[in-house]
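Hi there,

Here is the structure I promised to send over. Have a look at it, and then read on for my notes on cysteines, cores and surface.

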Amino acid sequence: MPIVLVGLSHKTAPVELREKVCMPDMALPDQLARLKSPPVPECVIVSTCNRVEVLAHCPEAHAGITAIKQYLAAGSGIAFSDVEPHFYTLAGSKAIQHIFRVASSLDSMMVGEPQILGQIKNAFAAASKEGATGVVLNRLMHKAFSVAKRVKTETQIARYAVSISYAAVELAKKIFDDLSEKTVMLIGAGEMSELAARHLMDHGAKRLLVTNRTYSRAVELAEEFSASAIRFEDFTDSLIRTDIIISSTGSPTYILGHQQVKTVLYERRNKPMFMIDIAVPRDLDPAINRLSNVYLYDIDDLQAVIDTNIQERRKEAEKADEIVLAEVGTFERWLDSLDVTPMIVLLRERLEQIREEELARTLPRLNGVSKKEKKAVEAMASAIVNKILHGPLQALKAENRSDTRDQLIEILKEIFQLEQTRKGPPQKP
Amino acid sequence: MMLKIALGFYLLSTVACLLYFVFPKKLLGRTYLVSAVVGFLCHSVALVQDYVRAGHLPVTNFQEGLSFFSWTIILIFLLLEFRYRILILGSFIIPLAFAALLYPALVSYETKELTPLLQSSWLGVHVTLAFLGDAAFALAFAISVMYILQEYQLKAHRFGATFRKLPSLEILDGMNHRVITIGFLLLTLGMITGALWARASLGSYLQGDPREIWSLITWVIYAALLHARLTVGWRGRRTAIMAIVGFAVLVFAFLGINLFISSYHYPERF
């Protein structure tokens, strides 16, 4: 039974299409019930804003893939021929590799973003609740989670900040070791600057000062952050106790110049300052960066940091792909061993059956033997069975090439007449 | 023999710490630290053996001086390492200690009889203090190089492979200040004991010996550095540059005087 995967993602389909195919979490139970059918007995539906994928374990790959494609197209309400070119279909090790990569966030639009793993866990929880997963998919999904964990701990893929606000925190931590004694000043308002301030506070910054041209707005923001508001006219007075400045006002000119900061630095006895200028046009005179112990970053500088971090994440993704490949190998070996297991069970059953029959026939005929002697005869029968089993079992377990293993299984079936055991007692010679 | 074993461990440590700099794996970090500790213990045994054999601290010729310097560097490094736990520091200082030990460990030398002038219990105290001070400045040099590297990246907004490996500026600056303060105290005490010893044996505190002059020059540099920090809050890059200059002067004083200038601090050339 092959594992197959059919889907479309940000790599193959435009958002107009994805949003039609995509399904909300709460619809998953119904959707799984609709999809589950004889050609697709086991399935998991992963649906996020960037991808819709169906992972399935089907008795026959082609029939399964067709059924899934039709199901996805039908759900979208778009003509099959219009959706079909956007699907990718993967089977066997490619499908396994793909789901491992998706779970490890290697296939994400922003490589290394952490949400996808949670989304896949939800998808799996929904599927297993609906009884849509069996031994193979359960194992596969759990393996995908553990691969994602390995990738996260063994590579640095998620360690590089890829948003302005996280980049600010990352830089702050290389200037100041410990933010717990540091004061942050937020000048002006704006989504990005507020987010940066929030992240800095989350990372332990001691105090936040908020200022705005409109004082009431500063007070409002200060309440939201449990910070203190200061009047815009007086903000320079507070610079002496400010370690980190985040500025994003709508001012057409610089609100802080080289000379002012020079004076502040002197008063601060050169304690370092980190300034983040998110405003366009800029708020802080770029000449400030020439002063010792001041580190000024404007929006482009931060964007450059993020760009290099994205490069770093790509490098780490290569390492992650090696981990994924190794794990695909492990999983396939397990899948292969599933092929051997029923054979081992059959063989053991067959021999046990012979043993029991022969004991049942022989023991009553033995007259005048003690219990102890009967035990000995039984033990001997068991020992013979085990000795005979030993060779074939070793051979089965040791054989890891699937074609020669299949040959071996055929031979064993023939020698021990295993197909017949299912139907009834073997013919006596 | 012991000295060669110590050199072997320092070599292992140097290789491991340089590799650690490139590939920051825990195992490499641990390898270099453990081999540095083992090397240090062997080095200590070698020093004790020499001490017992000679009957005084083995610091009376160039090789012995280098060996003792190397030992004090590792000592101060290990103290810092156990206090701050900044493994990357080793990559900047272990190779220096290893290089300093190369000559004394590989080229054999004899410990000569002390000239009557140096036969004094002052010898151990004076030399140990002075060398420990020098070793602290060596560490300050290494920390300053790290600071300059990190500061440049933050200032120029150009981030290389070392950005993530190096600690924050605040930590580096703090460490630097502490090490320089300690080094300065030790150097001062070393100079005081030296002056007292000179007064006792030669009659006056200062002999005008080149080693004394250069020690005074280094002392002035570090004193200025500490003074500027206390008064106008000099810190960061300027301090780091000063510490690098100070150490360069110190190395010149140590090597230059040993190799080219006659001084009673080095009886073999006196």
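A disulfide here is a pair of cysteine sulfur atoms within 2.5 Å. Please keep in mind that this is a predicted model. By that rule, the count over all chains is zero disulfides. Take Cys43(A): the closest cysteine sulfur belongs to Cys58(A) and is 8.7 Å away, which is too far for a bond. Cys43(A) is also buried, with a relative accessible area of 0%. In the other chain, Cys42(B) is in no disulfide either, as the nearest cysteine sulfur, in Cys17(B), is 17 Å away. Cys42(B) counts as buried too, at 10% relative accessible area.

Now for the inside. The largest nonpolar core has 112 residues, and the members that touch the most others are Ile244(A), Ile246(A), Phe274(A), Phe77(B), Leu89(B) and Leu139(B). Helix 5 of chain B (residues 122-156) gives the most to this core, with 16 residues. A second, separate core has 64 residues, among them Ile3(A), Val40(A), Ile116(A) and Ala148(A).

If you want one residue to click on, try Ile246(A). Beyond its neighbours within four places in sequence, its contacts include Val184(A), Leu186(A), Ser193(A), Leu200(A) and Ile278(A).

And the outside? A nonpolar surface patch of about 540 Å² is made by Leu189(B), Ile192(B), Leu196(B), Tyr205(B), Leu206(B) and Leu216(B). Helix 7 of chain B (residues 169-202) supplies the largest share of the patch, three residues. Ile192(B) lies in helix 7 of chain B and is partly exposed, at 44% relative accessibility.

Best wishes

Definitions and conventions:
Residues are numbered from 1 along each chain as its sequence is written. Chains are lettered from A and ligands numbered from 1 in the order in which they are written. This is a predicted model: local features need pLDDT of at least 70, side-chain atom pairs count only at pLDDT 80 or more; totals for chains, interfaces and linings use all residues. Side-chain values use heavy atoms; hydrogens and water are left out. A nonpolar core is a set of buried Ala, Val, Leu, Ile, Met, Phe, Trp, Tyr and Cys residues joined through side-chain atoms within 4.5 Å. Buried means under 20% relative accessible area, exposed over 50%, partly exposed in between (1.4 Å probe, protein chains only). Helices (H or I, at least four residues) and strands (E, at least two) are DSSP runs, numbered from the N terminus. Contact means heavy atoms within 4.5 Å. Patches are made of residues with over 30% relative accessible area and no salt bridge: like charges are joined within 9 Å, nonpolar side chains (Val, Leu, Ile, Met, Phe, Trp, Tyr) within 5 Å. Accessible areas come from the Shrake-Rupley method with a 1.4 Å probe; for residues, only the protein chains shown count as cover. A salt bridge is a side-chain nitrogen of Lys or Arg within 4 Å of a carboxyl oxygen of Asp or Glu.
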